[in-house]
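Notebook open, coffee poured. I want to see how this one is packed and how far to trust it.

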Amino acid sequence: MIKKFTPYHALIFVAIMWAVFIIDLLIPGFTLNKFGIRPREFNGLVGILISPFLHANLYHILSNTLPLLILSAIVRWTYGSNALIKAYIVAILGAGLGAWIFSTGDLVVGASGVVYGLIGFLFANALFNPSIKSWTIALIAFLLYGGSMISFVQIKPYISWSVSYTHLTLPTICS
């Protein structure tokens, strides 16, 4: 029974995020964040796959960890592991490509796009497979994490759906 609710794929994803973050902290004068997405630069394309595992500081990684685990559990519980894996793949590629094309930052890091992708998956499922269950789940996810979407309007210049490297000192413990 517990296996049904445990998002193993999300736990692995988050464990890799934290391992990369800790390695970044332990190597003075070096940061893996330089491999993030560099918008509209050919060499920045590799960042599309790497960026979700890179984080600017402790606050940034903490802000992504809990939503990833909870939303992944919701997707896994309601739609299964295959749906969760597909949602992750589409979210990573979609958010990464979107950041590469549209970001105004110099370097983009973080897994916020995956968080938004999971919320988007739940809403898309509710739209294309409408039921009380699907809409309830989508609305619960929105109530839990929809407030983070306010960052789309960039109230703070250094926090958005993509974190710009130029506005943060990397790596730092917290800002």
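Before looking for cores I fixed the term: a nonpolar core is a set of buried Ala, Val, Leu, Ile, Met, Phe, Trp, Tyr and Cys residues joined through side-chain atoms within 4.5 Å. I also noted that this is a predicted model.

**Entry 1: layout.** I counted elements and got 7 helices and 2 strands. Reading along the sequence, I wrote down α-α-α-α-α-β-α-α-β. Of the 175 residues in the protein, 44% are buried. I then looked at contacts between residues at least 6 apart in sequence, and 76% of these join residues at least 24 apart. The accessible surface comes to about 9400 Å², and carbon and sulfur atoms account for 74% of that.

**Entry 2: confidence.** I checked pLDDT before going into side chains. The protein averages 83, and 80% of the residues score at least 70. Helix α3 (residues 47-50) has the highest confidence, at 96, while strand β2 (residues 163-164) has the lowest, at a mean of 41. Over residues 158-175 pLDDT stays under 50, although the model has 50 contacts beyond four places in sequence for that stretch. Where pLDDT is low, the predicted coordinates should not be read in detail. I left the details of that stretch alone.

**Entry 3: the cores.** Which residues have the most contacts inside the largest nonpolar core? I found Phe13, Leu68, Leu71, Tyr88, Leu118 and Leu122, in a core of 30 residues. Helices α2 (8-26), α4, α5 (81-102), α6 and α7 each supply at least two residues of this core. I followed Leu68 outwards: leaving out residues up to four places away in sequence, Leu68 touches Ala10, Phe13, Val14, Met17, Tyr88, Ala111, Val114, Val115 and Leu118. Another core, of 5 residues, lies apart from the 30-residue one and includes Ile37, Ile48, Trp100 and Val108. In soluble globular proteins, nonpolar side chains tend to be buried together.

**Entry 4: aromatics.** How many aromatic pairs does the structure hold? I get 6. In one of them, Tyr79 and Phe121 sit edge-to-face, 5.6 Å centre to centre with 80° between the planes. That pair links distant parts of the chain: Tyr79 is in helix α4 (residues 58-79) and Phe121 in helix α6 (residues 112-128), 42 residues apart. Are the two rings' residues buried or exposed? Neither label fits: Tyr79 is partly exposed at 24% relative accessible area, and Phe121 is partly exposed at 22%.

Next I took Phe123 and Trp135. Their ring centres are 6.0 Å apart and the planes stand at 75°, so I logged this pair as edge-to-face, the cut-off being over 60 degrees. Phe123 in helix α6 is joined this way to Trp135 in helix α7 (residues 132-145), 12 residues along the chain. I checked accessibility here too: Phe123 is partly exposed at 23%, and Trp135 is partly exposed at 29%. I also noted that Phe13, Phe53 and Tyr88 form one aromatic cluster. Phe13 and Tyr88 were already on my list of residues with the most contacts inside the largest core.

**Entry 5: a buried polar residue.** Where is Asn33 found? It is in the loop between α2 and α3. Asn33 has 0% relative accessibility, so I call it buried, given the cut-off of under 20%. What does its side chain reach? I traced the side chain of Asn33 to the backbone oxygen of His55, at 3.1 Å.

Conventions: Residues numbered from 1 in each chain as written. Heavy atoms only, no water. Phe/Tyr/Trp six-rings, centres within 6.5 Å; stacked < 30°, edge-to-face > 60°. Helix = DSSP H or I, 4+ residues; strand = E, 2+ residues; numbered from the N terminus. Buried < 20%, exposed > 50% of the residue type's maximum accessible area, 1.4 Å probe, protein only. pLDDT = per-residue confidence, 0-100. Contact = heavy atoms within 4.5 Å. Areas by Shrake-Rupley, 256 points an atom, 1.4 Å probe, with all protein chains shown as cover. Polar contact = N/O pair within 3.5 Å; in protein donor to acceptor, adjacent residues only side chain to side chain.
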